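Trainee: I would be grateful for a close look at a single part of this model, namely the place where its two domains meet. Please treat the charged pairs with some care.

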Amino acid sequence: MKTRITTLLGIEHPIIQGGMIWASQWQLVTAVSNAGGLGLLGSGSMSAEELRTQIRQCKAHTSKPFGVNVPIMYANSAQTMEVIMDEGVSVVFTSAGNPALWTDKLHEKGMKVVHVVSSSKFALKAQAAGVDAVVAEGFEAGGHNGREETTTLVLVPEVCRKVTIPVIAAGGIATGSAMYATMALGAQGVQMGSRFIATEEASVHSLFKQEVLKAKEGDTVLTLKELSPVRLLKNPFYEQVEALYQQREATPENLKQLLGKGRTKLGMYDGDLKEGELEIGQVSSLIEEVKTVKEVFEEVLAEFQQTRNLMINATND
């Protein structure tokens with residue numbers, strides 16, 4: 001399948017794996033790239049030297065393109081970028097910050113730059129900063145999210161109307177039919193996070209993967225807007241957060257004190273389902289089985305083709 005995104009990134013299928021903290025290490029990244037998509041290392045949970053090791057492991061296990069996701073707002077983002085430029089990664093996905101800080105420098109190294117946005121306003125700013133493409137990430141997405149609460153099916157066509165660079169759809173996409181729907185709205189590819197959490201290659205704890213499989217409609221909530229909005233799976237830790245809101249004591253200071261340090265690692269990587277933070281998207285309610293990355297690709301691409309055929313037949317009728 002050839003689109004502007006497959007041409008830009010040098011990949012076979014327009015499927016990009018989300019660069020999720022504690023989930024996206026070299027095993028997942030190389031499996032996605034070897035399947036014909038684009039794997040992304042989640043640098044947000046790595047020191048600069050840990051990232052260097054992960055990049056080198058990727059190079060040792062795939063000859064296909066792969067990239068790194070960098071949350072610009074993180075304190076060590078400058079060191080992260082230095083490692084990326086030193087190691088010569090082919091593509092960088094930036095998020096949570098101003099892409100103008102790094103786009104020109106990355107382009108000078110011959111890298112492609114894609115920025116994650118939650119509104120058409122930010123998409124236009126990213127385009128003005130010179131990025132090669134944007135990810136339009138809707139409210140449904142897991143992890144850190146935009147404050148606008150615009151759903152993917154509204155955001156994608158809005159962004160596609162405003163920018164001329166390629167658009168990648170994200171948020172609530174885990175199936176071939178959802179992929180078809182967002183591409184019908186103008187997206188040139190999709191980014192999937194939650195679906196790749198529930199794979200054998202994802203580095204998160206097996207207990208967390210099982211919680212994802214158990215998730216039902218309404219089991220995730222976008223919260224912590226006073227700090228940085230994040231979508232969480234409901235658990236005892238989330239109930240502590242919600243209690244602060246119910247008591248009208250959810251000040252930034254109180255939330256920071258409750259969060260402390262390492263909550264995401266505690267939940268997603270260490271498997272503490274009570275005290276850890278469990279980041280996952282709304283689409284978790286549709287995920288019923290932990291599969292290999294290869295199996296996910298086969299399933300998604302087959303359903304995409306089936307949906308396309310159904311739409312062609314419906315039009316002909």
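Mentor: I shall begin with one charged residue and then turn to the boundary itself. In this predicted model, K291 has a relative accessibility of 15% and therefore counts as buried, the limit being under 20%. Its partner in a salt bridge is E299, with the closest N and O atoms 2.4 Å apart. E299 is partly exposed, at a relative accessible area of 32%. Salt bridges with shared partners also join E49, R52, R56, K59, D86 and E87 into one network.

The domain assignment gives domain 1 as 10-203 + 292-314 and domain 2 as 206-283. Their C-alpha centres are 23 Å apart. Contact between them involves 24 residues of domain 1 and 20 residues of domain 2. About 1900 Å² is buried between the two domains, and carbon and sulfur atoms give 60% of this area. On the side of domain 1, the residues that lose the most area to domain 2 are W22, R147 and I197, which together make up 30% of what that side buries.

As for polar interactions, 9 residue pairs are in polar contact across the interface of domain 1 and domain 2, both residues being at pLDDT 80 or more. Two elements, β7 (143-144) and α9 (194-197), each supply at least two residues of the side of domain 1 that touches domain 2. The residues of that side divide into 10 nonpolar, 10 polar and 4 charged.

Between domain 1 and domain 2 the count is 1 salt bridge. The side chains of E149 and K225 meet in a salt bridge, at 1.9 Å from N to O. For the model, the count by this rule comes to 13 salt bridges. E149 lies in the loop between β7 and α7 (152-162), whereas K225 lies in the loop between β10 (220-223) and β11 (230-233), so the pair ties together parts 76 residues apart in sequence. Both partners are partly exposed: E149 has 37% relative accessibility, and K225 has a relative accessible area of 31%.

A pair within helix α7 may be set beside this one. E158 forms a salt bridge with R161, their closest N and O atoms being 3.4 Å apart. These two residues are 3 residues apart in the helix, which means a separation of about one helical turn. E158 is partly exposed, at 28%, while R161 counts as exposed, at 65% relative accessibility.

Technical notes:
Residues numbered from 1 in each chain as written. Predicted model: local features only at pLDDT ≥ 70, side-chain atom pairs only at ≥ 80, totals over all residues. Heavy atoms only, no water. Domains from an automatic or database assignment. Contact = heavy atoms within 4.5 Å. Buried area = accessible area lost by both parts, 1.4 Å probe. Salt bridge = Lys/Arg side-chain N within 4 Å of Asp/Glu carboxyl O. Polar contact = N/O pair within 3.5 Å; in protein donor to acceptor, adjacent residues only side chain to side chain. Helix = DSSP H or I, 4+ residues; strand = E, 2+ residues; numbered from the N terminus. Nonpolar A, V, L, I, M, F, W, Y, C, P; charged D, E, K, R; others polar. Buried < 20%, exposed > 50% of the residue type's maximum accessible area, 1.4 Å probe, protein only.
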